[in-house]
Amino acid sequence: MPLWYILVLTHNCDKTILECANELFESGDFESSVPDFCSDDIICSNDPMYNQQWGLHNNNYTGIDISVNSAWNYATGKNIKIAIIDSGVDMDHIDLVSNISSLSYDTETNTSPSICYMDHATHCAGIAAAEKDNGIQIAGVAPEASIISISNEMLISTNAPLKLADGITWAYQNGADIISNSWYYPIHHAGIDEAIQNAFQYGRQGKGCVVVFSSGNGYSSSVNYPANCNDTILVVGAIDKTGARADFSNYGTKLDLVA
């Protein structure tokens with residue numbers, strides 16, 4: 001390609017490759033000028049929707065992602081058990097089935113297996129641990145982790161707080177490393193508080209479980225309960241792909257991080 005030239009920018013250049021390419025083209029001295037954007041998306045995952053997962057790898061806004069491509073060189077969630085306490089995970093979902101644990105529990109019947117009442121839990125499970133490089137849908141943050149489904153109808157009803165507390169208790173007693181909770185309850189209940197504290201104290205053979213709660217989607221400057229009941233809880237809020245706080249996402253002094 002004798003009429004093509006390669007220009008390399010040094011580290012102390014104060015312009016981006018896009019700015020330089022534009023200047024070269026606008027000078028009128030070149031018929032074409034092409035910035036050489038680097039991307040390792042396809043190498044990192046062959047899942048067709050991976051490139052839409054800006055939370056994992058954001059091509060447009062630097063630093064507004066979790067740098068998952070680099071993180072996967074060190075950890076993929078192997079041997080980690082994530083309990084999803086929610087409306088019940090679809091145990092046969094095509095992008096999750098390889099990572100679904102044989103352990104599951106339904107808090108409504110106090111028996112196994114888990115029951116799928118709604119699709120919210122499946123969504124949460126996919127974000128956490130959808131299988132990677134299977135050519136299907138998305139990649140999870142921890143694509144080799146094991147998903148333990150703990151189901152609840154997620155309705156305000158008789159004994160509902162104690163059923164949720166039972167789910168947390170069952171999770172730590174049955175080997176969960178992480179207990180993920182994308183829900184809130186409108187009334188403070190000592191049973192939920194006790195179950196969370198016990199998970200911190202007795203989970204993982206005395207090392208304590210990691211307990212995660214969403215901050216809530218209430219357009220509020222205070223974090224929902226039970227996320228606000230124990231300072232050891234990891235409380236997560238939401239941002240958009242530009243890094244701005246999502247307007248619906250609760251925040252405040254109890255918030256630990258956003259994603």
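Q: Say buried means under 20% relative accessible area, exposed over 50% and partly exposed in between (1.4 Å probe, protein chains only). Is Tyr105 buried or exposed?
A: Tyr105 is buried, at 9% relative accessible area. Keep in mind this is a predicted model, where local features need pLDDT of at least 70, side-chain atom pairs count only at pLDDT 80 or more, and totals for chains, interfaces and linings use all residues. Numbering runs from 1 along each chain as its sequence is written, and side-chain values use heavy atoms, with hydrogens and water left out.

Q: Okay, how many aromatic pairs turn up in the whole structure?
A: Three. Rings of Phe, Tyr and Trp (its six-membered ring) pair if their centres lie within 6.5 Å; planes under 30 degrees apart are stacked, over 60 edge-to-face, the rest tilted. One of the three is Tyr50 with Trp72, with ring centres 6.1 Å apart and planes at 35 degrees, so that pair is tilted.

Q: Where do those two sit in the chain?
A: They are 22 residues apart and link distant parts of the chain: Tyr50 is in the loop between helix 2 and helix 3 (68-71), Trp72 in the loop between helix 3 and strand 1 (81-86). Helices (H or I, at least four residues) and strands (E, at least two) are DSSP runs numbered from the N terminus. Both Tyr50 and Trp72 are buried.

Q: And what does Tyr105 pair with?
A: Trp170, in a stacked pair, 5.1 Å centre to centre with 5 degrees between the planes. Tyr105 lies in strand 2 (residues 100-106) and Trp170 in helix 5 (residues 160-173), 65 residues apart. Trp170 is buried too, at 15% relative accessibility.

Q: Back to Trp72: which charged end sits over the ring?
A: That of Lys132, 4.9 Å from the ring centre. The cut-offs are NZ of Lys or CZ of Arg within 6 Å of the centre and within 35 degrees of the ring normal.
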